[in-house]
Amino acid sequence: MKSAINFHLDSTVMRGAIFNVAVAFLMVSTGTINTLAAKWADLNTAGGSNPTAEHYYDHPFFQAATMFMGEALCFVAFKIWFFYRIVQKKDLSSFGDQKFNPFIWAIPAMCDLIGTSIMYVGLTWTYAASFQMLRGSVIIFTGLLSVAFLGNKLKIHHWVGMVTVIVGLVVVGVGDYVFFNGSSSGLDKNTVLAGDLLIVLAQIITAVQMTIEEKIVKKYKTHPLQGIGLEGIFGFSMLALLLIPMYFIPWHLPQSSSSWQEHVRFEDTIDAFKQWAYTPYVLVPSLGLVFSIAFFNFAGLTVTKTMNATTRMVLDTFRSIIIWVISLAVGWQKFEPLQPVGYVILFVGIWIYYNLIIMPAVRWGIRKSGMRWIRSSTASDEEKKALLSSE
């Protein structure tokens, strides 16, 4: 009887481990596809309507709209899950308070719209690896805003992590500029540097978005999948409306490929659809962006729930390395000596911020030196909690 129980427990643990590995793989793979698909589309040429001759897929705002479509799919997944739980008559407390005005999510959606649009402009001007790495700068602005508007208190490892990330950002930017040796899309080093700066600028807006999201989630206990889905719906709706006047604005972003346009437009949605229809090399990565966003958000939330947020951050770092390696392998960028140095500094800064280095090192040192008895005899309960906390 006891052996049968042990076998059942072992098989349950094994299934749980396999599930965790599968979800982690799904998060890393779809997150990698997300960035690479967007860059792949940018690097492809196809005939369109403005002009009919082949030209680069230079549509950052239309690309942002497709990203919001992917986020909106999360709302569909949430509703299916929610109603399934109702039919099964299971506990719904994890879904939070459903009696709230959904339009409150239009505010962070507007921030997401602006930030994402700027980021996709930056992505067309710089490398996919730099795009992914520089997004880590969001922790600087999120940390500062959380102090100013949420009343959070930053600990020493937060400040050290933020300063380290700043150093990493400078190294990556200097590396992209000083050691620039050409790109597959014909960009010059000033354009690449401008792209890097735009991505960092977008993180300020993203930090505002995350601060607003935190206030909403804390107040209404909104399920993350529902919040992402609502942002996707509002973001797509607003951007779809904005794409109409953008079509008639006779101006294009500087440093872009506006020279190929017969009729200069801020964003030519018709041309984007024509390019989708012209070749699968534009259509496939664009659809890959839509679905990878949906699965990435689902997998990320599942990792946070079944494992922890720390595991999610480690996996996200691993994803950044994969994107960099693939970008080098396919020739989207050339190796630059300062890039890996900057990336390592960024990684270390992010890991310090999320307390993956300082306190684990302190705990290891205490265990190694055999001083656990000193800690237990002199530290108060509050100090013990702070020392052993993984946050």
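## A walk from helix 10 to the salt bridges

Leu287 is found in helix 10, and that residue makes a handy starting point for a tour of this predicted model. With a relative accessibility of 36%, Leu287 counts as partly exposed, because the buried class ends at 20% and the exposed class starts only over 50%.

Leu287 has company. Together with Leu73, Val76, Ile80, Phe291 and Phe295, Leu287 forms a nonpolar patch on the surface. The accessible area of these residues adds up to about 550 Å². Which helices supply the patch? Helix 2, covering residues 60-87, and helix 10, covering 280-306, each provide at least two of its residues.

Stay with helix 10 for a moment and look at how it packs with helix 8, which spans residues 224-248. The axes of helix 8 and helix 10 lie 10 Å apart, at an angle of about 155°. Angles over 145 degrees count as roughly antiparallel, so helix 8 and helix 10 fall into that group. Where helix 8 passes helix 10, the crossing is right-handed.

Next, turn to helix 9, residues 269-278, where you will find Lys274. Lys274 is partly exposed, as its relative accessibility is 46%. In the sequence, Lys274 and Ala46 are separated by 228 residues, yet in space their C-alpha atoms are 8.6 Å apart.

Now for the charged pairs. How many salt bridges does a search of the whole structure find? The search turns up three.

One of them joins Glu214 to Lys218, with 2.9 Å between the closest N and O atoms. Both residues sit in helix 7 (residues 189-220), and because they are four residues apart there, about one helical turn separates them. Glu214 is partly exposed, at 27% relative accessibility.

Another salt bridge brings together the side chains of Arg319 and Asp316, at 2.6 Å from N to O. Here too the partners share a helix: Arg319 and Asp316 lie three residues apart in helix 11 (residues 309-329), which is about one turn. Is Arg319 buried or exposed? Arg319 has a relative accessible area of 4%, so it is buried.

Finally, the side chains of Asp268 and Arg265 also meet in a salt bridge, with an N to O distance of 3.6 Å. Both Asp268 and Arg265 are buried.

Methods:
Residues are numbered from 1 along each chain as its sequence is written. This is a predicted model: local features need pLDDT of at least 70, side-chain atom pairs count only at pLDDT 80 or more; totals for chains, interfaces and linings use all residues. Side-chain values use heavy atoms; hydrogens and water are left out. Patches are made of residues with over 30% relative accessible area and no salt bridge: like charges are joined within 9 Å, nonpolar side chains (Val, Leu, Ile, Met, Phe, Trp, Tyr) within 5 Å. Accessible areas come from the Shrake-Rupley method with a 1.4 Å probe; for residues, only the protein chains shown count as cover. A salt bridge is a side-chain nitrogen of Lys or Arg within 4 Å of a carboxyl oxygen of Asp or Glu. Buried means under 20% relative accessible area, exposed over 50%, partly exposed in between (1.4 Å probe, protein chains only). Axes are lines fitted to C-alpha atoms, for helices over the stretch in contact, and angles run from 0 to 180 degrees between N-to-C directions. Angles under 35 degrees count as roughly parallel, over 145 as roughly antiparallel, 65 to 115 as roughly perpendicular and the rest as oblique. A crossing is left-handed if the near helix is turned anticlockwise from the far one by less than a right angle, and right-handed if clockwise.
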